[in-house]
Amino acid sequence: MFGREDHARRVDQAHQLRQLMASSGGVPAAKRGHVIAVTSGKGGVGKTLLAANLSIALAARGHRVALFDMDMGLANADIVLGVEVAWTWRDVLAGRRSLDEVIIHGPGGITLVAGASGVSQMANLSEFERHQLIAIAGQAAELNDVVVFDCGAGISHNVVSIASFADTILVVTTPEPTSVTDAYAMIKAFAQEQGRSRYTEAAAMGVLVNLAESRREGRDTYERLAGVAARFLHIPVTDYGYILRDEHVSAAVRQRCPVVLRYPRCSASSCLMASAGRLSRELGRAEEQQSLFYRVMNMFL
Ligand SMILES: Nc1ncnc2c1ncn2[C@@H]1O[C@H](COP(=O)(O)OP(=O)(O)O)[C@@H](O)[C@H]1O
Ligand SMILES: [Mg+2]
């Protein structure tokens, strides 16, 4: 049915596909959960709050979700979730505990892999530790549909290289010009890192605007950032919506309870649910593409 050349090409393609499988740790990518890295240029813009609440909102949509606290300096996702931490991923790195032992069951059906913070933990990870950490995150991704990284802020090597492992990088900004400028610098750093990254294909870049005073301000902020990224970096940046400034957010933080669970009807929670809806639709699309990829691949193998 096929000519000799056709056959040789098919064998070659099958070989390439097997190599691709091997390079993903022997685990077909279709079986790995989607990794979303939440990061920002400037600190204190609401990353932890959004990462924790989006995780819960995604779990409410039926996804198995793990939140992974990747902030090396200010690991505090446990505070927002209101859970007690006994062990962190640093214990897995040190060989004291297995991933199973450090997983914490959090509110809303999500799990948390906590991080350690403090001055002594601030030092950059060595290249070897970074590989180990990414391998641990890969393990978490095999156990879940979605893994959300709560990353630190700023263009440090740790943040950029770990977030580059993600399938989707969600850059959080506020409408303030300083925050938007820093978010742009972050997007640029990712664009440069992706040229070098050995872990993944280029991640999809997205923006989430926090602390917006109005829908209009949220939209304008996204347009400004996406506009400069398209013009100067030629990168498409997806709009994941905006979260309104809402006093229920800090009230919930003070009660150590995620706002989407404590005040599900407040304006910030409605915005968070809408953003989770957009993310969930993206995940569905990525899954469809993967399953098509595997159907095609099975024809070759
Ligand atoms: N949409 C919002 N409305 C009101 N306050 C907010 C909102 N988002 C964040 N905050 C406040 O900002 C604080 C810092 O947020 P956090 O998630 O810890 O920032 P980051 O992780 O970026 O350092 C929160 O504890 C909360 O009190
Ligand atoms: Mg934080």
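**Aromatic pairs and the surroundings of ligand 1**

The count comes to 2 aromatic pairs in this predicted model. In one of the aromatic pairs, Phe68 and Phe149 meet edge-to-face. Their rings lie 5.8 Å apart, centre to centre, and the angle between the planes is 65 degrees, where a value over 60 counts as edge-to-face. Phe68 belongs to strand 2, residues 65-69, and Phe149 to strand 5, residues 146-153, so the pair ties together parts of the protein that are 81 residues apart in sequence.

Attention now turns to ligand 1. The ligand is surrounded by 15 residues, and the closest of these are Gly46, Lys47, Thr48, Leu49 and Asn210. By kind, the residues of this shell comprise 7 nonpolar, 5 polar and 3 charged.

Several of the closest residues can be followed down to single atoms. Gly46 places a backbone N or O atom 3.0 Å from an oxygen atom of ligand 1. In Thr48 the side chain takes part, with an N or O atom 2.9 Å from an oxygen atom of the ligand. For Leu49 the backbone is again involved: one of its N or O atoms lies 2.9 Å from an oxygen atom of ligand 1.

Taken alone, ligand 1 exposes 570 Å², of which the protein buries 79%. The space that the ligand takes is the second largest pocket. Four elements each give two or more residues to the shell around ligand 1: helix 2 (47-60), strand 7 (204-212), strand 8 (237-244) and helix 10 (247-254).

Note on methods: Residues are numbered from 1 along each chain as its sequence is written. Chains are lettered from A and ligands numbered from 1 in the order in which they are written. This is a predicted model: local features need pLDDT of at least 70, side-chain atom pairs count only at pLDDT 80 or more; totals for chains, interfaces and linings use all residues. Side-chain values use heavy atoms; hydrogens and water are left out. A residue is near a molecule or strand if one of its heavy atoms lies within 4 Å of it. A polar contact is a pair of N or O atoms within 3.5 Å; within protein, one must be able to donate a hydrogen and the other to accept it, and residues adjacent in sequence count only if both atoms are side-chain atoms. Accessible areas come from the Shrake-Rupley method with a 1.4 Å probe; for residues, only the protein chains shown count as cover. On a 1 Å grid over the protein atoms alone, a cavity is a set of points where a 1.4 Å probe fits but cannot get out, and a pocket is an open set with protein on both sides within 12 Å along at least five of seven lines; lining residues have an atom within 4 Å of a point. A molecule sits in a cavity or pocket if more than half of its atoms lie within 2 Å of its grid points. Ala, Val, Leu, Ile, Met, Phe, Trp, Tyr, Cys and Pro count as nonpolar, Asp, Glu, Lys and Arg as charged, and the others, Gly among them, as polar. Rings of Phe, Tyr and Trp (its six-membered ring) pair if their centres lie within 6.5 Å; planes under 30 degrees apart count as stacked, over 60 as edge-to-face and the rest as tilted.
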